[in-house]
Amino acid sequence: MFPRDFAWGAATAAYQIEGGWQADGKAASIWDTFSHDKGRVFQDHNGDVACNSYMLREQDLECIQQLGLTHYRLSFSWARLLPHGTTQHVNHKGVEYYNNVIDELLANNVSPMVTLYHFDLPQALQDQGGWKCAGIAPIFDNYAKFCFQTFGDRVKLWLTVNEPSVCAKLGYESGKHAPGLEEPGTAAYLVGHNMLRAHAMAWHSYNTLFRSEQKGKVSLAINSDWLEPVDPHCEDDVAATERDLAFTLGWFAWPMFVSGDYPEIMRSAIDSQSEKMGYVGSPRLPTFSKDEPGILGSADFFAVNYYTSRKVKAGGGAGQMSMKSDCDVEEIIDPSWLISGVSWQAVVPGGLRKLLKYIKDTFNSPAIYITENGFSQMGPLQMEDVQRCVFYKDTILEVAKAIQEDEVDVRGYFAWSLLDNFEWAEGYSVRFGLFHVDFCDPELRRTIYKSGQEYAEIIKKHRGALDKK
Ligand code: GAL
């Protein structure tokens with residue numbers, strides 16, 4: 001059912017698992033600052049220790065082996081490698097740590113996929129304006145080049161930025177994530193723009209300086225819910241859905257895969273809202289400069305994170321300047337959908353198949369990696385997490401159908417997450433792991449959930465079937 005070289009993976013991110021926030025020369029990131037600021041995170045949890053993967057990487061490796069993964073997606077902590085954010089000062093202990101992680105994965109036949117930026121900007125760069133400043137893009141490019149140079153002989157799959165829309169919206173529009181700014185309707189567009197510029201610069205650097213020798217691939221991970229109209233026969237609902245898709249998936253995918261610019265529906269919605277509000281000044285959605293490395297074509301594959309689905313209808317804009325007013329849609333959870341451990345996560349495996357087909361049809365049949373997908377638990381601990389077992393079975397079946405029946409070129413699937421970890425503003429209250437982590441135990445023992453066993457079985461079955469052919 002799956003291609004021979006299909007990537008069976010699980011994913012994590014540095015701040016969510018590593019801990020060691022000040023170990024061996026690592027400097028603070030914006031998430032260290034944010035989580036230490038009282039009242040920002042559930043019960044003031046933070047990632048100071050997290051799963052302590054900085055010290056316990058062998059245990060993570062055992063989990064990876066137990067699942068039988070072919071691939072493991074991790075992220076680098078920028079502030080662990082370059083404490084001030086720039087290559088003027090390299091933290092060699094940080095380099096050693098990631099060298100060890102990568103070498104040990106490869107020694108066990110597991111290929112690393114590395115994300116360069118998963119929400120944790122070095123605080124030193126935030127102090128200079130962070131992602132809102134145009135100058136961040138060449139600084140990111142230097143960091144990326146440093147990583148390609150140092151690790152690219154062994155890492156063949158790279159993601160520059162994880163979920164720019166989450167960073168932009170939650171970090172700068174609602175302030176629920178670091179750096180906790182609330183500048184609705186302006187900053188998020190600027191931040192998203194600078195992330196795309198940074199990504200494009202890094203992709204071009206890879207392309208010209210490293211690709212011929214290293215032969216790897218570089219992309220950016222876009223998150224998107226599957227969206228469909230409340231009433232497919234209602235024109236307004238259909239138009240609202242198209243607009244919503246443009247503001248989520250299209251915001252980052254359109255520039256890279258279609259036109260080198262933002263979707264026209266998005267720009268016109270923002271411009272007309274600016275006009276209505278009497279907004280003066282430069283357009284809130286910036287334009288790409290022709291003098292910079294082109295964004296069109298700057299992705300070697302399509303990386304998508306999928307968690308849930310929504311039904312969409314028109315309206316819902318609040319009348320003040322905000323992304324919500326610009327997009328002007330209302331998203332609804334269908335009452336028939338099961339809700340996982342968190343209220344935002346309706347469990348809709350079929351939405352993934354539809355999203356994959358939509359990506360194929362809209363973005364010219366790219367090779368696709370599902371770089372995150374998972375099911376959250378909250379509340380009383382369930383090691384026999386039957387619902388999550390069903391979720392993984394159903395979801396992977398939908399991926400198989402997308403490949404076989406819809407002929408979507410899906411190259412890999414990464415479960416979120418290998419381990420229970422620091423779930424951003426929810427702290428440790430929400431658990432996405434295939435392995436349970438006992439955060440009350442100083443040894444942070446990892447124990448496989450039933451769903452971890454289920455995923456291991458699925459992988460074994462498919463890898464095994466291929467081996468026999
Ligand atoms: C994604 C994010 C992950 C993880 C996941 C579960 O948005 O990239 O770091 O937290 O959501 O909510």
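Colleague: Is the crossing of helix 3 and helix 5 right-handed or left-handed?

Modeller: In this predicted model, helix 3 and helix 5 cross in a right-handed way.

Colleague: What else describes two packed helices?

Modeller: Two values do the job: the angle between the axes and the distance between them. Here, helix 3 covers residues 57-67 and helix 5 covers residues 92-107. Their axes come within 11 Å and cross at roughly 25 degrees. Angles under 35 degrees count as roughly parallel, so helix 3 is roughly parallel to helix 5.

Colleague: Which residues make the contact?

Modeller: Helix 3 brings Arg57, Glu58, Leu61 and Ile64. Helix 5 brings Tyr97, Asn100, Val101, Glu104 and Leu105.

Colleague: How many of the contact residues of helix 3 with helix 5 are nonpolar, polar or charged?

Modeller: Five are nonpolar, one is polar and three are charged.

Colleague: Now cysteines. What is a disulfide?

Modeller: It is a covalent bond between the sulfur atoms of two cysteines.

Colleague: How many disulfides does the structure hold?

Modeller: Zero.

Colleague: Why is there no bond between Cys234 and Cys327?

Modeller: Look at the distance. A disulfide needs sulfur atoms within 2.5 Å. The closest cysteine sulfur to that of Cys234 is in Cys327, 16 Å away, so it is too far for a bond.

Colleague: Where is the nearest cysteine sulfur to Cys440?

Modeller: It belongs to Cys51, 13 Å away, and Cys440 is in no disulfide.

Colleague: What is the relative accessible area of Cys234, and what is that of Cys440?

Modeller: Cys234 has 24% and is partly exposed. Cys440 has 76% and is exposed.

Definitions and conventions: Residues are numbered from 1 along each chain as its sequence is written. This is a predicted model: local features need pLDDT of at least 70, side-chain atom pairs count only at pLDDT 80 or more; totals for chains, interfaces and linings use all residues. Side-chain values use heavy atoms; hydrogens and water are left out. Axes are lines fitted to C-alpha atoms, for helices over the stretch in contact, and angles run from 0 to 180 degrees between N-to-C directions. Helices (H or I, at least four residues) and strands (E, at least two) are DSSP runs, numbered from the N terminus. Angles under 35 degrees count as roughly parallel, over 145 as roughly antiparallel, 65 to 115 as roughly perpendicular and the rest as oblique. A crossing is left-handed if the near helix is turned anticlockwise from the far one by less than a right angle, and right-handed if clockwise. Contact means heavy atoms within 4.5 Å. Ala, Val, Leu, Ile, Met, Phe, Trp, Tyr, Cys and Pro count as nonpolar, Asp, Glu, Lys and Arg as charged, and the others, Gly among them, as polar. Buried means under 20% relative accessible area, exposed over 50%, partly exposed in between (1.4 Å probe, protein chains only).
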